[in-house]
Amino acid sequence: RRTSWRNLTVQTALSSFLLMVRRRWSVLKKRSRLILVAIFIFISFYSMISTMDYFYSSYGVDSVRKGRRSIQLAVPTTPAFAVVINTYKRPYLLQKAVRHYGEKCGRKNRVVQIFIVWGDLDVAPPDPYSFYTKVDESSAAARNRATVSILRAEKDSLNSRFLPIDGLVGEALFMVDDDITVECTSLSRGFEAWRSQPYALVGYYPRLASPPLKESNRLTETGDKKIVYHGWPRVFWTGKFNFVLTKASFLHAMYLDLYSGPTHPQEIRDYVDEHHNCEDVAMALLVANQTKVTGRPGSDHSPVYVEGNVADGGALNGISTSGHFALATTPSSHMSERSSCLVDLNRMYKERGWESPLHQVQLRDQSWVRHFPGFWWQIHPCNLWEWLSLGNIFT
């Protein structure tokens, strides 16, 4: 009897609800009905696609999945990687970063070494062991920890983050700013992406350098071709990018030697010091020039975008966008400064007889996460802050 009474109560409540919906539906205007139907169809379609994507998504960039390789190079056998943290006068963020990558992620996520680039010349660096809390050395937590070393820079320069590293184990480096936190699973996913294309830049922040939209505005006053720096909104809308930011990226250790070596123009490093910006653009150009990326389908060395979970505390307060290294005071002026960097650095390449090395690649082809069924709009940024990179979007 109790069960029958409950069933009757549920049926009565459902009937009352449906009757109420029917009455309210009948008083709606035709336009309102069409809007509600459209919303219902959109939500249903999006839910269906999201469910299919959850069960059937996979990993691998287009060239690896289809077995197309322009140049055959041996994949590094290193089973682990080192994290290089760039910091400047932010001890709380630094400690948080070291504990996240070296302790929370640690060896179980194949992080074996932590290197801290210490650029504060007036302050002595802390003891490397001071970043971790004291635990039993035989405990699982202690065994999971990565070793910590401090690289004290001789010069207050953004170029210091790309100096060669003594004592490095293996060939894989993850370069990251102290205000960027990549979730451990996403970090491991990025390392697998790098192992598939170890001579490419692999990262979480894709960017696009392209000519201005208006043909009448494509030359500078000196006759150089204008290049406009674009963030995620333009990357998403066009479905193209040509480099990733090194503030959260994997790269081969050999690029540190090349960046600081004699074959890399000294005027580029001087430019970075003068403008306190664009060292990541300089590295992206170096990698592209070294590997001769052509953007053709199947190129092994095109940049790779890794979609993941990334917390970004430096969207408006990053190392090169605020504080000591700040040159631009607003997001829009920062984007303008980056565009100027692209023009100036490409001119330096041309003065050496080199072609501009950046070539556009398809975001869908060079994304490590392969969404199902593969619509272009299924690719997402690593955090919501990326949608706010609206500077230059209509330029």
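## The second largest pocket

Strand 8 (206-210) and helix 11 (331-351) each bring at least two residues to the lining of the second largest pocket in this predicted model. Helix 11 has the largest share of that lining, with 5 residues. The pocket has a volume of about 420 Å³, and 19 residues line it.

If you would like to find the pocket on screen, look for P211, K225, I227, N346 and S356, the lining residues that lie nearest its centre. By type, the lining of this pocket divides into 7 nonpolar, 6 polar and 6 charged residues.

## The largest nonpolar core

Now to the nonpolar interior. The largest nonpolar core has 88 residues, and those with the most contacts inside it are Y101, I114, F174, L187 and Y204. Helix 10 (residues 279-291) gives the most to this core, 8 residues.

Y204 is a good residue to start from. Leaving aside neighbours within four places in sequence, Y204 is in contact with F174 and L187, two of the residues just named for having the most contacts inside the core. The other contacts of Y204, with the same neighbours left aside, are V182, S186, G190, A248, F250, Y305, V306, V310 and C382. Of these, C382 is buried, with a relative accessible area of 7%.

## A left-handed disulfide

How many disulfides are there? The count comes to 2, and they follow the pattern 1-2, 3-4 when the bonded cysteines are counted along the chain.

One of them joins C105 to C184, with an S to S distance of 2.1 Å. C105 lies in helix 4 (residues 91-105) and C184 in helix 6 (residues 184-196), so this pair ties together parts that are 79 residues apart in sequence. Is the disulfide of C105 and C184 left-handed or right-handed? The torsion about its S-S bond is about -90°, so the disulfide is left-handed. Both of its cysteines, C105 and C184, are buried.

## A right-handed disulfide

The other link is formed by C278 and C341, whose sulfur atoms are 2.0 Å apart. Here the torsion about the S-S bond is 90°, and the link of C278 and C341 is right-handed. The pair connects distant parts of the chain, 63 residues apart: C278 sits in the loop between helix 9 (266-275) and helix 10, while C341 belongs to helix 11. Helix 11 is also the element with the largest share of the lining of the second largest pocket. As for burial, C278 is buried, and so is C341.

## Helix 9 and the residue after it

Which residues of helix 9 are buried? They are I268, R269, Y271, V272, D273 and H275, a set that mixes nonpolar side chains with others. Just after helix 9 comes H276, which takes a positive phi of about 55°.

## A284 in helix 10

Helix 10, which gives the most residues to the largest nonpolar core, is also the place of A284. With a relative accessible area of 5%, A284 falls under the 20% limit, so A284 is buried.

Setting aside neighbours within four places in sequence, A284 is in contact with L201, F243 and L358. The contact with L358 brings together two residues that are 74 residues apart in sequence. From C-alpha to C-alpha, A284 and L358 are 8.2 Å apart in space.

Note on methods. Residues are numbered from 1 along each chain as its sequence is written. This is a predicted model: local features need pLDDT of at least 70, side-chain atom pairs count only at pLDDT 80 or more; totals for chains, interfaces and linings use all residues. Side-chain values use heavy atoms; hydrogens and water are left out. On a 1 Å grid over the protein atoms alone, a cavity is a set of points where a 1.4 Å probe fits but cannot get out, and a pocket is an open set with protein on both sides within 12 Å along at least five of seven lines; lining residues have an atom within 4 Å of a point. Grid points are joined across faces, edges and corners, and a volume is the space filled by probe spheres set on the points. Helices (H or I, at least four residues) and strands (E, at least two) are DSSP runs, numbered from the N terminus. A nonpolar core is a set of buried Ala, Val, Leu, Ile, Met, Phe, Trp, Tyr and Cys residues joined through side-chain atoms within 4.5 Å. Buried means under 20% relative accessible area, exposed over 50%, partly exposed in between (1.4 Å probe, protein chains only). Contact means heavy atoms within 4.5 Å. A disulfide is a pair of cysteine sulfur atoms within 2.5 Å.
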